[in-house]
Amino acid sequence: MDEKQLLLKAQEGDIESFENVISNYQNYIYNVIYRLVDVKEDALDLTQETLIKAYINLKKFKGNSEFKTWLYRIAVNVSHDFIRKKKGVEEHLEEISDFRTPENIFDDKVTRKIIIDELNKLKREYKTVLILRDIEGLTYNEIAEITNTNIGTVKSRISRARNILKENLKKIPGFINVVGERGQI
Amino acid sequence: MQCSKVKKLINFYMDKELSKRQMEEIKGHLALCTECKNDYYELESIKKLLQDMTPVELPSNFNDMLHAKLLEEKKNLESRRSYKKPIKIKFRIAAAVIASLFILSLGFKLFENKINNVGVTETALSTKSAVNYSSKTSISSGKAASDLKKDASQANAFDLNRGLDPDYKRKITKDATISIETDSADECYNKILNISKQYNGYIESSSESSTSDNKKTINVVLKIPSNDFEDVIASIKSLGDVKTIRINSNDITEQYYDVESRIKNLEIQEEKLQELLKKASNISDILQVEDKLNEVMTQIDSYKNQIKIWDNMTSMSTINLTFVSTKPQTKISKIFSTSFLNDILNAGSKSLNIFFEFLKYVFIISIYLLPFSILAYLIYVGYKLFKK
């Protein structure tokens, strides 16, 4: 049975068919949400919320877009709602990283930590496009559909997001040089 | 290609989201321009870092947890589906009931008004017939009186019958006291003259006085046929700002007919005395009977007088009118005087009043429309559901 048939069955309420379809996507969804909210426990809850929402609203899915895109869209919306609510409750604690010395930057883990931190500092829409494009590897078209914008907006957001991220990373002493060297190797 | 243009497109070059020609052009530029090349390497290295981000894995128990939740949701969905519609329908029925009640109440009010009108004409008719009847009874009573002249006890029986007869004409006196504030008391006085002419009334007395600040007060005692009493009161009310109004009516039916029957009895007595007088032969008897006759006749006269007064009172109603002019009678109209300021204040308060009146009506109308808008909304929701 292909995805379409499974989805039709799932729309009738068949849980097994639904689980069958989402099994291909749930890890991707989890990853996107995790990158967006940056806390594993929250991401797990939100992934569940996303998938349940998808199940409840499955009848609204008309097949105009890919099911994957539709799922991503719900995931992004759920995460954005979560971030918006969370913002009022607790200020994101700024971790002062004392390990940002040039020697440490060679450490893979630290490098990742730094880039994730910088990613999280970006505006929500920039962060979202970078996660969808660079981490998830989605196309511009898919991103436009997921974020409910047009391709022009997606392009300008990607361009601006990368440039801002680059400029911010350049401020960290030695970071770009080290990374650049490693990139060339 | 220039560096600035390359900078704009470099991200899309990296994502290979450009046309072939543009890709070639940028590739050529990058080979030559070290600055753009460095830029590109920096961006690419960041992109690679992001790409290499180790993906997180869902915990192994995730599927079980999700399955449990999904089962729960399925139950909820099914129960909601089975309950949803009846609730909606109930809701709509409730709204329809409210709306129809509203319409009914409105309709009923209109209907009631009509009924009242019909009732008024009916009572008018019945009073007419009552008048006819009373005139008939007066004729018949005339006959009866001539028949019964010889028998007082039968006259009393007739009186008793009258008391039981519901259609005899009631004797009611009406009077009213009204005081009105107007801009011009004189004008009102003229209008009152017209009204009294129109309704065949007359002015019993009138007096005029003015205070030191040129405020005029006119007192009028107006006599109006009692049938037109209500109409006249209504037209007087429209003359100005009614300050006080008091309407009195006094039912003297009992006393009236009581006196009337007394007269009849006395008349019978008088006739008997007359017969006695004719039969009397000696002087002392004649004198005694004449004495008694005299007494009876004066009593009859006094009762008849009373009846006349009452007839007058019931046929004509009294209206005591007082007009007070609110504005002093200014002979020379000055533009800049205290009244100018008053006029401004008046204008302001009037327009404010109108404004709030308007708001009030808007509010009232919106309340009137509320059930209909609820109904419309529900129909809209129902339509949406139907469309789905």
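**Close-ups of a predicted two-chain model**

**View 1. Where chain B meets chain A.** The contact brings together 37 residues of chain B and 47 residues of chain A. Keep in mind that everything shown here comes from a predicted model. How much area is buried between chain B and chain A? It comes to about 4000 Å², and carbon and sulfur atoms give 65% of that. If you're wondering about the choice of number, the size of an interface is often given as the accessible area lost when the parts come together. Charged side chains join in too: the count between chain B and chain A is five salt bridges. For one example, look for Arg133(A) and Glu17(B), whose side chains meet in a salt bridge at 3.6 Å, N to O.

**View 2. Chain A and its helix 2.** Chain A has ten helices and zero strands, so its pattern along the sequence is simply α-α-α-α-α-α-α-α-α-α. Of its 185 residues, 49% count as buried. Take the contacts in chain A between residues at least 6 apart in sequence: 62% of them join residues at least 24 apart. Now zoom in on helix 2 of chain A, residues 15-22. Why is this helix described as largely enclosed by the rest of the structure? Because six of its eight residues are buried. Those buried residues are Ile15(A), Ser17(A), Phe18(A), Glu19(A), Val21(A) and Ile22(A).

**View 3. The sheet of chain B.** Here five strands form an open sheet, and if you walk across it you meet them in the order 2-3-5-1-4, with mixed pairing. Which strands sit at the edges? They are strand 2 (202-210) and strand 4 (241-251) of chain B, each pairing on one side only. From one strand to the next, the twist averages 10 degrees. Helix 9 of chain B, residues 283-315, packs on this sheet and touches strand 1, strand 3 (216-225) and strand 5 (316-325) of chain B. The direction of helix 9 makes about 55 degrees with that of strand 5 of chain B.

**View 4. Strand 1 of chain B and its two partners.** Strand 1 of chain B covers residues 172-182 and pairs with strand 4 of chain B in the antiparallel sense, over ten bridges. You can spot two of the facing pairs: Ile172(B) stands opposite Asp251(B) in strand 4, and Thr173(B) stands opposite Asn250(B) in strand 4. With strand 5 of chain B, strand 1 runs parallel, and eight bridges join the two. There, Asp175(B) stands opposite Thr318(B) in strand 5. As you follow a strand along, remember that in a regular strand the side chains alternate between the two faces of the sheet.

**View 5. A residue on helix 9 of chain B.** Gln288(B) belongs to helix 9 of chain B. Is Gln288(B) buried or exposed? Its relative accessibility is 58%, so it counts as exposed. Leu277(B) is eleven residues away from Gln288(B) in sequence, and the two are 9.3 Å apart in space, C-alpha to C-alpha.

**View 6. Cysteines of chain B.** A search of the whole structure turns up zero disulfides over all chains. Cys3(B), for instance, is in no disulfide, and its nearest cysteine sulfur, that of Cys36(B), is 3.6 Å away. The cut-off for a disulfide is sulfur atoms within 2.5 Å. Cys3(B) counts as partly exposed, at 31% relative accessibility, whereas Cys188(B) is buried, with a relative accessible area of 4%.

Technical notes. Residues numbered from 1 in each chain as written. Chains lettered and ligands numbered in written order. Predicted model: local features only at pLDDT ≥ 70, side-chain atom pairs only at ≥ 80, totals over all residues. Heavy atoms only, no water. Pairing = 2+ DSSP bridges. Helix = DSSP H or I, 4+ residues; strand = E, 2+ residues; numbered from the N terminus. Axes fitted to C-alpha atoms, helices over the stretch in contact; angles between N-to-C directions. Contact = heavy atoms within 4.5 Å. Buried < 20%, exposed > 50% of the residue type's maximum accessible area, 1.4 Å probe, protein only. Buried area = accessible area lost by both parts, 1.4 Å probe. Salt bridge = Lys/Arg side-chain N within 4 Å of Asp/Glu carboxyl O.
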